[in-house]
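This report concerns one molecular structure, shown below with its sequence. Please keep both in view while reading.

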Amino acid sequence: MTKVLTSRFDLKGEACDIDVYLKTGGYQALAKSLKELKPEQVLDEVKKSALRGRGGAGFPTGMKWSFVPKESKRPKYVVCNADESEPGTGKDRDLMRYDPHQLIEGMVIAAYCLNAKDNYIYIRGEYWYIKEILEKAIAQAYERGYLGKNVLGSGFECNLYVHPGAGAYICGEETALLESLEGKRGHPRLKPPFPAVVGLYGGPTVVNNVETLAAVPWIIINGGEAYKALGTEKSGGTKMFTVSGHVARPGNYEVPMGYPLMKLINEDCGGIPGGRKLKAVIPGGSSVPIITAEESEKVNMDYESVGTVGSMLGSGGVIVMDETTDIFETTRNVTHFYKHESCGWCTPCREGTRWLYKVFERMHRYEGRPGDVELLDDLADKILGKSFCPLGDAAAMPVQSAIKKFREDFDRRIKHTLVQINKAAD
Amino acid sequence: MYTESNEKKLDEIISHYPVKRSAILPALYIAQDEHGHVTDDDIRYLAKRLDMRVNEVEEVVTFYSMYSRKPIGKYKLQVCRTLSCMLQGAEQITEHISHKLGCEIGGTTPDGKFTLQEVECLGYCDLAPCLQVNFDYHEKISTESVDQLIDSLK
Ligand SMILES: Cc1cc2nc3c(=O)[nH]c(=O)nc-3n(C[C@H](O)[C@H](O)[C@H](O)COP(=O)(O)O)c2cc1C
Ligand code: SF4
């Protein structure tokens, strides 16, 4: 299997050193871009690759880059989203700590393509040690002329800074991230205008996920067509999946788009321990709808196939749950997360997530009232599509899908009155 | 106000941005590093240093969960409570630590050594359950491994 992103993972971090990176083909894509390709030609390759954003929304990367106006009074920026806080996801962590130069190279190529001089990596504050790894790598890149006033003698100036977040999931949302980078609370901005037009400090800004940018060097060396051919017709290339939960070998796996989910679970991850059966899978981070074992059998890991069972590829966080798992409890856990992370800006999400959790709490104590399951569903419905940013939807969808597919786990939590129990006995 | 090296660091950080205010998150880490938590003086000082109003700094401090306005323990033990860690028994480990330290979740031991917190996803889902002690990650923890860890910190 071709490794686009993880080819240096076996070096266990040695590739953090620029000499090791260079010996293994590093910075050749940047040299090629600057010496042989015009910015438009870089954009062309990225378009041809069918690369789609790996941060969750799956937006075509080439198209996003093409939205950036050529001429702009304000400076343009490339911002890497390294906030990685979608529950179930730990892929950007390894991409950065095992191969930081690959990301740096991808960013400089993107900056060259868009003519952006100052660029930022926004990394979650908890990843402090990774921030230090990145800063070391950046310092090396400056020393060797891959960053700085005159990159590889081309006349192109490119600077790169690492900016730490401070513990707020909402700052992974691209406009909240920009607010945060400007030194404010992380409240999302109204879209449009999209960041590609009005972004950081009002300038056109491309925000891309770590994994998206890390794929760029390979695309430049091997060509967009070759990248696309690794995956399916509509989902080009390879994708990283973080598999967690009830599998023998949890971890990060890079596989071609369209890889069967059960193959990932059973072969790559060694199946479910103790011979237990599969109950459910969350295929793309906690924000996406849950799917049953039966649905999992049919699913391939690409945007379209996961969509056929009503879920999404999201961030690639695959959470596997065996037959001993209580889906009520897992959904309660995830709801706590969204309640905690709601930024409080809009009412449906701020109030709705709190109310949802309140109902979850009483059902947790087996004190659910008749009608509480419907109440949960209805509350979720009142958040869905009515909140200011997609976090509201992310809180609602897991609840609705869990109720629909694992209703019995919820019904068990309803405290039945004596009359009802007697009736049931009759 | 901060040590010479931290003041230098702060100058360097400010130079990364076209507006000073952008440096507030990294600056608050420096404040916290020096004083253990963000003090009223820090807020006033940073407001001046970064051309912000005092209430603007306060707004930022209270929004982000990694800053504390109150003194906390020398070691901040943060156990991840989110789904992947929960599936691997994080809750029992938190309870175990709580018992061992005689300290409630969210509380600090009387000697000021440990603060125990439950936090949301730390990005170590495939290495669950996980615990962060100040900035250090500990992966695939168990009741035995946290016992050892805590004893070594005492
Ligand atoms: C609540 C919320 C949290 C998000 N968190 C992240 C994140 O941690 N990392 C990320 O790359 N994208 C995250 N996103 C998606 C970003 O808004 C944005 O789509 C992405 O960074 C764009 O990059 P891409 O096109 O390369 O995927 C989040 C979105 C929402 C609504
Ligand atoms: S949906 Fe939630 S997170 Fe998004 S703006 Fe509204 S309150 Fe904030």
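The sections below treat the ligand sites, the domains of one chain and some backbone features.

## Basis of the report

The structure is a predicted model. The values given here are therefore to be read as properties of that prediction.

## The site of ligand 1

Ligand 1 occupies the largest pocket. Its shell consists of 18 residues, and the closest of these are A:Gly55, A:Asn81, A:Asn208, A:Asn209 and A:Thr212. By class, eight residues of this shell are polar, six are charged and four are nonpolar. Strand E4 of chain A, which covers residues 205-209, makes the greatest contribution to the shell, namely three residues.

Several polar atoms of chain A lie close to oxygen atoms of ligand 1. The side chain of A:Asn209 places a polar atom 2.8 Å from a ligand oxygen. From the backbone, a polar atom of A:Glu84 is 3.3 Å from an oxygen atom of ligand 1, and an N or O atom of A:Val207 is 3.4 Å from an oxygen atom of this ligand. Ligand 1 taken alone exposes 610 Å², of which the protein buries 90%.

## The site of ligand 2

Ligand 2 takes up the space of the largest cavity. There are 13 residues around this ligand, and those that come nearest are A:Cys343, A:Trp345, A:Cys346, A:Cys349 and A:Cys389.

The shell of ligand 2 comprises nine nonpolar and four polar residues, with no charged residue. The shell of ligand 1, by comparison, includes six charged residues.

## Domains of chain B

For chain B, the domain assignment gives two entries: domain 1 spans residues 4-63, and domain 2 spans residues 75-153. The C-alpha centres of these two domains of chain B are 29 Å apart.

## Backbone features of chain A

Two cis peptide bonds occur in succession in chain A. The bond from A:Lys191 to A:Pro192 is cis, with omega near -10°, and the bond from A:Pro192 to A:Pro193 is also cis, with omega near 5°. A:Pro192 is located in the loop that runs between helix H8 (174-181) and strand E4 of chain A, and A:Pro193 belongs to the loop between H8 and E4 as well. Strand E4 is also the element that gives the most residues to the shell around ligand 1.

A:Lys12 has a positive phi, near 50°, although this residue is not a glycine. A:Lys12 is found in the segment before helix H1 (18-23) of chain A.

Technical notes:
Residues numbered from 1 in each chain as written. Chains lettered and ligands numbered in written order. Predicted model: local features only at pLDDT ≥ 70, side-chain atom pairs only at ≥ 80, totals over all residues. Heavy atoms only, no water. Near = heavy atom within 4 Å. Polar contact = N/O pair within 3.5 Å; in protein donor to acceptor, adjacent residues only side chain to side chain. Areas by Shrake-Rupley, 256 points an atom, 1.4 Å probe, with all protein chains shown as cover. 1 Å grid on protein atoms, 1.4 Å probe; cavity = no way out; pocket = protein on both sides within 12 Å on 5 of 7 lines; lining within 4 Å. Sits in = over half its atoms within 2 Å of the grid points. Helix = DSSP H or I, 4+ residues; strand = E, 2+ residues; numbered from the N terminus. Nonpolar A, V, L, I, M, F, W, Y, C, P; charged D, E, K, R; others polar. Domains from an automatic or database assignment.
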